[in-house]
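This note is intended for a colleague who meets the structure for the first time. The numbered points below begin with the overall fold and then turn to individual residues.

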Amino acid sequence: MTADTGLSEQELVELDDFLLSEACDDDALSVDEAHGFLTALIVGPEPVASEAWLRAVWGEPRFADEEQAKQMTDKLVRLYDNIEATLREGHPFEPLVVEEEEEGETFEAYEGWCFGFMLGVEEQEAQWNPLPKDPQALLAPMGQLALLTSDEEEPDMDEAEYEAWVELLPGAVAGLYAFWHRDM
């Protein structure tokens, strides 16, 4: 996994394993999807209460005990806080992506992060609707790459186009954050 998240690689793996386990709802997000989702909420027009975004990320988890509840909640809150601090302080932003392997080759997959980001936009659709046309274009990289998670139809995107969309992600996130938070 890439990106500075405020969590160690081991903590990210533990969080991802928990999110994908039977302890969480079937529609719980993976760690890269959660990072994208939280990024959209932070970038977006209105703050969202932690109880609401925790429920959106993992549903109604069945923790083994209070210690596990504390540890997993702490990891998600730290992930959120790191994204928020990175954007607020104007540091370079990088999406959290997972490495996948196909036909013996390892590559970074951005689709999950983009899917999560677009879920976050959808979560606050009414608040995002006033986004003017020019800033709306900043959603294009996330929207295009999120389509790759669709089971309906295999999108027609070659490697060069994929990489071009990926290169736009950090600037798109920074631009959306600047738009919605320009008065802060």
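1. Order of elements. Read from the N terminus, the protein follows the pattern α-α-α-α-β-β-α-α-α-α-α. In total there are nine helices and two strands. The protein is as compact as a globular protein of its length, because its radius of gyration of 16 Å is close to the 16 Å that the globule rule gives for 184 residues. The reader should keep in mind that this is a predicted model.

2. Extent and interior. Taken along the principal axes, the box filled by the C-alpha atoms is roughly 50 × 45 × 30 Å. Of the 184 residues, 45% are buried. Among contacts with a separation of 6 or more, 70% join residues that are 24 or more positions apart.

3. Surface and charge. The exposed area of the protein is about 10200 Å², and carbon and sulfur atoms supply 46% of it. The protein carries 8 positive and 46 negative charges, and the mean positions of these two groups are 12 Å apart.

4. Glutamate 11. This residue belongs to helix α1, which covers residues 9–19. The side chain of glutamate 11 reaches back to the backbone nitrogen of serine 8, at 2.8 Å. When residues up to four places away in sequence are not counted, glutamate 11 touches Lys75 and Arg78.

5. Threonine 86. Which element holds threonine 86? The residue lies in helix α4, an element that spans 66–88. Its relative accessible area is 14%, so threonine 86 is buried; the cut-off for this class is under 20%. A polar atom of the threonine 86 side chain lies 2.8 Å from the backbone oxygen of asparagine 82. Beyond its neighbours within four places in sequence, threonine 86 is in contact with His91, Pro92 and Phe93. A further pairing involves threonine 5: the two threonines are 81 residues apart in sequence, while their C-alpha atoms are 9.2 Å apart in space.

6. Histidine 91. Where does histidine 91 lie? It is placed in the loop between α4 and β1. Histidine 91 has a relative accessible area of 44% and is therefore partly exposed, a class that runs between 20% and 50%. The side chains of histidine 91 and glutamate 89 make a polar contact at 3.0 Å. Not counting residues up to four places away in sequence, histidine 91 touches Ala85 and Thr86. The C-alpha atoms of histidine 91 and alanine 174 are 9.4 Å apart, with the two positions 83 residues apart in sequence numbering.

7. Proline 95. The loop between α4 (66–88) and β1 (98–102) also contains proline 95. Is proline 95 buried or exposed? With a relative accessibility of 3%, it counts as buried. Proline 95 is 88 residues from leucine 7 in sequence, and the C-alpha to C-alpha distance for this pair is 14 Å.

8. Histidine 181. In the segment after α9 (159–180) one finds histidine 181. Its relative accessibility is 15%, so histidine 181 counts as buried. A polar atom of its side chain lies 3.1 Å from the backbone oxygen of valine 43. Once neighbours within four places in sequence are left aside, histidine 181 is in contact with Ile42, Val43 and Gly44. Valine 43 thus appears both in the list of contacts and as the residue whose backbone oxygen faces a polar side-chain atom of histidine 181.

Terms used:
Residues numbered from 1 in each chain as written. Predicted model: local features only at pLDDT ≥ 70, side-chain atom pairs only at ≥ 80, totals over all residues. Heavy atoms only, no water. Helix = DSSP H or I, 4+ residues; strand = E, 2+ residues; numbered from the N terminus. Rg over C-alpha atoms; globule rule 2.2 N^0.38 Å. Buried < 20%, exposed > 50% of the residue type's maximum accessible area, 1.4 Å probe, protein only. Contact = heavy atoms within 4.5 Å. Areas by Shrake-Rupley, 256 points an atom, 1.4 Å probe, with all protein chains shown as cover. Lys, Arg positive; Asp, Glu negative; His and termini not counted. Charge placed at Lys NZ, Arg CZ, Asp CG, Glu CD. Polar contact = N/O pair within 3.5 Å; in protein donor to acceptor, adjacent residues only side chain to side chain.
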